[in-house]
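Here is a short report on the spaces inside one protein model and on the helices around them. Please keep the sequence and the 3D view open while reading.

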Amino acid sequence: MGRLHVSDEFDALAERIDGISATLQDNAEKGEELGRLTDESADALTGTGAFRIGIPRELGGYEFSPRQVIDTIARITYADASAGWTFMAVQMITGTTAAYLGEAAARDLFPDVANGRHALIAGQGTKLGDAVRVDGGYRISGHWHFASGSAMASHIHTAALCADTGEALVLTLPAESTTPVDNWDVMGLRATSSHDYLCDDVFVPDSHAYPIATTDVRHGGAIYRIGLANMAGICHTGWALGVGRRMLDELRELAVRKSGTPGATVDTQQFHAEYARAEAELRSARAWVSDVWADNEATLDAGEMLSTEQETLTRLMLNNTTWSVHAVGQSVYRWAGTAALRRGTLQRFFRDLHAGTQHVTSGPVVLQNCGRWLSGLAPDAHWAFLDLQDAPA
């Protein structure tokens, strides 16, 4: 099994992302109106090479380690939460597609990554469509939701259940083979183009399909052995941390401006205490992120798979991070007063935060399953994709 790769491209990419931060911020409002990232924001992200962070090194990507991915997503999200969400989805799907598909698909989708010639892939992997086995591949049909980042995507990956085998698959196909549904009318994350899409009897070759719960790595190192669900967990962790940090920093700047004015609530001891509590909650969540992933990375680097305990703590840590940041956002909104009520950065991040908390990876079932295993009530169970599955009787 391959070792964990820690990329030496991290610092240089971080500088390039900092260089486009103003562009992402300046285009955030326009992106909400469009329902997608503006061309300027999309081009800026692409121009940094950031979409290479999830692509295996042997195909020309950067293949960042988990903590490098988390920090990169947090950095982009800090500038614009919709840009961060779009980026995390597309880079993760693009990278895992490169890792789990074989040589034929790599030649088709990733012909020259180092020079920017590669697919950008969006799509959805939690709701299953229908796949029918045919000679050389599958014919798929269905209606899927939440194709985050689809406005940037050249291809779509989508999940379907093969009736012939009973196996859930992820299949990759050109974006033009799908029909988008213009229904992304939402409270938050408006600029992520996370709309529905349809397929009707579309052929996908065997070379562009893999089992949804696979840990069989065709290209790349140890990070890809954690599977799709944990790869998604890495991304959502980085996104939440970026949102929490930006909201607290915005409140701090607001407090400095308000301090000393008549009746300023920020000059009360209650505000001082609650800001400190919010800061502690965010920093504590981030510390546990670092602790969990340091342990996971050591296991992966040793050529081993994550244990059930490690997977459980990883999923519980994401839940804790998400809802800790939610609590921080509530505190920021309360103390920002009408500044957060009005259209602007704080209001947008507050809405985006509440959209992000609805993702299945931080939902109540995940928390329940973590508690079931940690309490000793399912000692022989194991994680398969999003579910904790009991051992056969």
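## The second largest cavity

The lining of the second largest cavity has nine nonpolar residues, two polar ones and no charged ones. This is a predicted model. The volume of this cavity is about 70 Å³.

Its lining is made up of I53, G54, F64, V69, Q91, M92, I223, Y224, M231, I234 and C235. Two elements, α5 (81–100) and α7, give two or more residues each to this lining. Helix α7 gives the most, with three residues.

## The largest cavity

In total, the structure holds three cavities of 30 Å³ or more. The largest has a volume of about 90 Å³. Around it sit A229, N230, G233, T237, T314, R315, L318, T361, V366 and L386.

Which elements each supply at least two residues of this lining? They are α7 (227–258) and α9 (308–336). The largest share comes from α7, with four residues. Sorted by class, this lining has four nonpolar residues, five polar and one charged.

## The largest pocket

Now to the pockets. The largest one has a volume of about 680 Å³. It is lined by 31 residues, and W85, F146, S148, H236 and H359 are the closest to its centre.

Four elements give two or more residues to this lining: α5, β1 (121–134), α7 and α11 (345–356). By class, the lining of the largest pocket splits into 18 nonpolar and 13 polar residues, with no charged ones.

## The second largest pocket

The second largest pocket has a volume of about 200 Å³. Its lining counts 17 residues. Nearest its centre lie T215, I226, N230, E311 and W383. N230 is also part of the lining of the largest cavity.

The elements with two or more residues in the lining of this pocket are α7, α9 and β8 (382–384). Again α7 has the largest share, with four residues. The classes here are 10 nonpolar, four polar and three charged residues.

## How α7 packs against α9

Helix α7 has come up in each lining above. How does this helix sit against other helices? Two packed helices are described by the angle between their axes and the distance between the axes.

Take α7 and α9 to begin with. Their axes are 9 Å apart, and the helices pack at an angle of about 20°. Angles under 35 degrees count as roughly parallel, and α7 and α9 are therefore roughly parallel to each other. The crossing of α7 past α9 is left-handed. The residues of this contact divide into 15 nonpolar, nine polar and three charged.

## How α7 packs against α4

The other partner is helix α4, residues 66–79. The axes of α4 and α7 come within 7 Å. They cross at roughly 40°.

Are α4 and α7 parallel or oblique to each other? An angle of roughly 40° is not under the 35 degrees that count as roughly parallel, and it lies outside the 65 to 115 range for roughly perpendicular. The two helices are therefore oblique to each other. α4 passes α7 in a right-handed crossing.

## Two positive phi angles in one loop

Most residues other than glycine have a negative phi. Two residues in the loop between β5 (179–181) and β6 (196–205) have a positive one: L189 and S193.

For L189, phi is near 55°. For S193, phi is near 45°. Are these residues buried or exposed? The cut-off for buried is under 20% relative accessible area. L189 has a relative accessible area of 4%, so it is buried. S193 has 6% relative accessibility, so S193 counts as buried too.

## Where to look in the 3D view

Start with α7 (227–258). Follow this helix to α9, with the axes 9 Å apart. Then turn to α4, where the axes come within 7 Å. For the largest pocket, look around W85, F146, S148, H236 and H359. For the second largest pocket, look around T215, I226, N230, E311 and W383. Finish in the loop between β5 and β6, at L189 and S193.

Definitions and conventions
Residues are numbered from 1 along each chain as its sequence is written. This is a predicted model: local features need pLDDT of at least 70, side-chain atom pairs count only at pLDDT 80 or more; totals for chains, interfaces and linings use all residues. Side-chain values use heavy atoms; hydrogens and water are left out. On a 1 Å grid over the protein atoms alone, a cavity is a set of points where a 1.4 Å probe fits but cannot get out, and a pocket is an open set with protein on both sides within 12 Å along at least five of seven lines; lining residues have an atom within 4 Å of a point. Grid points are joined across faces, edges and corners, and a volume is the space filled by probe spheres set on the points. Ala, Val, Leu, Ile, Met, Phe, Trp, Tyr, Cys and Pro count as nonpolar, Asp, Glu, Lys and Arg as charged, and the others, Gly among them, as polar. Buried means under 20% relative accessible area, exposed over 50%, partly exposed in between (1.4 Å probe, protein chains only). Axes are lines fitted to C-alpha atoms, for helices over the stretch in contact, and angles run from 0 to 180 degrees between N-to-C directions. Angles under 35 degrees count as roughly parallel, over 145 as roughly antiparallel, 65 to 115 as roughly perpendicular and the rest as oblique. A crossing is left-handed if the near helix is turned anticlockwise from the far one by less than a right angle, and right-handed if clockwise.
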